[in-house]
Amino acid sequence: GRHKLDRSLAAGQPFFLNFCHYAVHAPFQADARFAADYEDSGRSPQARAFATLVAGVDQSVGDLLQHLEDRGIAEQTLIIFLGDNGSDAPLGGPHEVACAAPLRGKKGSHYEGGMRAPLIVSWGKVNAAQACQQQWPILSGAVQSELTSICDLFPTMLDITEVAVPDEHPMDGQSLRGLLAGKRDSTRKPHFLMHYPHEHRSSYFTSFRNERWKVVYHYFPGPQSGGQRYELFDLQADPFESTNLAATETAMLRSMMQAMMAELRACEAVYPQDEEGQAMSPIMP
């Protein structure tokens with residue numbers, strides 16, 4: 001990645017570097033450079049290997065940031081660091097409070113530990129006098145609590161590079177310009193739809209979040225949902241999803257299901273099929 005970056009700089013061109021670390025994905029093979037740091041942790045060999053891989057990513061990102069500094073372009077380089085899904089650390093089961101503690105679940109789960117991912121955005125080196133940082137201020141040391149998704153990155157990059165999008169081009173997501181400056185953005189929808197019409201750790205489900213409320217619909221209720229078709233959580237009061245409110249908050253459940261089904265229709269979603277091969281659209285409670 002650094003060599004391609006240098007070629008762009010030598011040619012006087014701007015660059016976009018998509019740097020995907022595969023290291024924290026299974027199979028978890030230890031990075032020998034950091035193995036000694038975790039030998040006495042009391043964790044399993046797989047967990048210790050995962051820790052060394054995280055340390056390796058940290059080292060790699062640090063090397064890249066130092067390279068930007070050495071080339072004198074850190075102040076005008078935007079860094080976006082994120083995971084593409086929830087944690088997959090080899091700790092606990094897919095629906096437990098374990099690898100994403102205190103959140104419940106891991107990658108592929110319908111719980112928050114499988115859906116939330118870290119997002120850190122910063123200039124390579126902070127300098128408020130730098131022209132692009134004045135145009136695109138990022139509030140240092142701040143936590144932005146508004147809901148975002150990976151879909152927001154594309155319109156954000158187009159916004160910062162001043163690239164227009166044709167009107168007929170469909171766009172999922174919105175620019176993060178205001179949120180990065182530490183502001184609230186009333187134009188954003190506080191929605192997040194996750195649709196799994198196939199098998200995985202959590203199979204055949206749709207999850208929909210609207211502000212503090214989250215509903216999970218299971219097309220085939222089973223052990224992963226406690227035998228329940230509907231799960232309803234108040235994430236403000238219960239961010240760890242320990243109490244299913246579907247049986248008591250019936251009006252909210254219906255409201256959330258209606259909104260979820262509307263989002264699925266808008267996305268022209270594909271549904272699981274029954275034994276006769278017919279599409280199984282969600283059933284209202």
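This passage walks through the nonpolar cores, the cysteines and one buried serine of a predicted model.

A good place to start is the interior. The largest nonpolar core is made up of 18 residues, and Val215, Leu232, Leu253, Met257 and Met260 have the most contacts inside it. Two strands and a helix each give two or more residues to this core: β5 (213-218), β6 (230-234) and α7 (250-266). Of these, α7 provides the largest share, with six residues. Leu253 shows how the parts meet: beyond the residues up to four places away in sequence, Leu253 touches Val215, Tyr230, Leu232, Ala246 and Pro285. Another core lies apart from the largest one; this other core has eight residues, including Trp123, Trp136, Leu153 and Leu179. In soluble globular proteins, nonpolar side chains tend to be buried together.

The cysteines come next. The number of disulfides in the model is zero. For Cys151, the nearest cysteine sulfur belongs to Cys267 and is 9.4 Å away, whereas a disulfide needs the two sulfur atoms within 2.5 Å; Cys151 is therefore in no disulfide. Cys151 is partly exposed, at 42% relative accessibility. Cys132 is also partly exposed, with a relative accessible area of 21%.

Finally, Ser207 offers a view of a polar residue's surroundings. Ser207 sits in strand β4, which covers residues 205-210, and is buried, with a relative accessible area of 1%. Neighbours within four places in sequence aside, Ser207 is in contact with His110, Met115, Phe192, Leu193, Met194, Lys214, Val215 and Val216. Among these partners, Val215 is also one of the residues with the most contacts inside the largest core.

Terms used. Residues are numbered from 1 along each chain as its sequence is written. This is a predicted model: local features need pLDDT of at least 70, side-chain atom pairs count only at pLDDT 80 or more; totals for chains, interfaces and linings use all residues. Side-chain values use heavy atoms; hydrogens and water are left out. A nonpolar core is a set of buried Ala, Val, Leu, Ile, Met, Phe, Trp, Tyr and Cys residues joined through side-chain atoms within 4.5 Å. Buried means under 20% relative accessible area, exposed over 50%, partly exposed in between (1.4 Å probe, protein chains only). Helices (H or I, at least four residues) and strands (E, at least two) are DSSP runs, numbered from the N terminus. Contact means heavy atoms within 4.5 Å.
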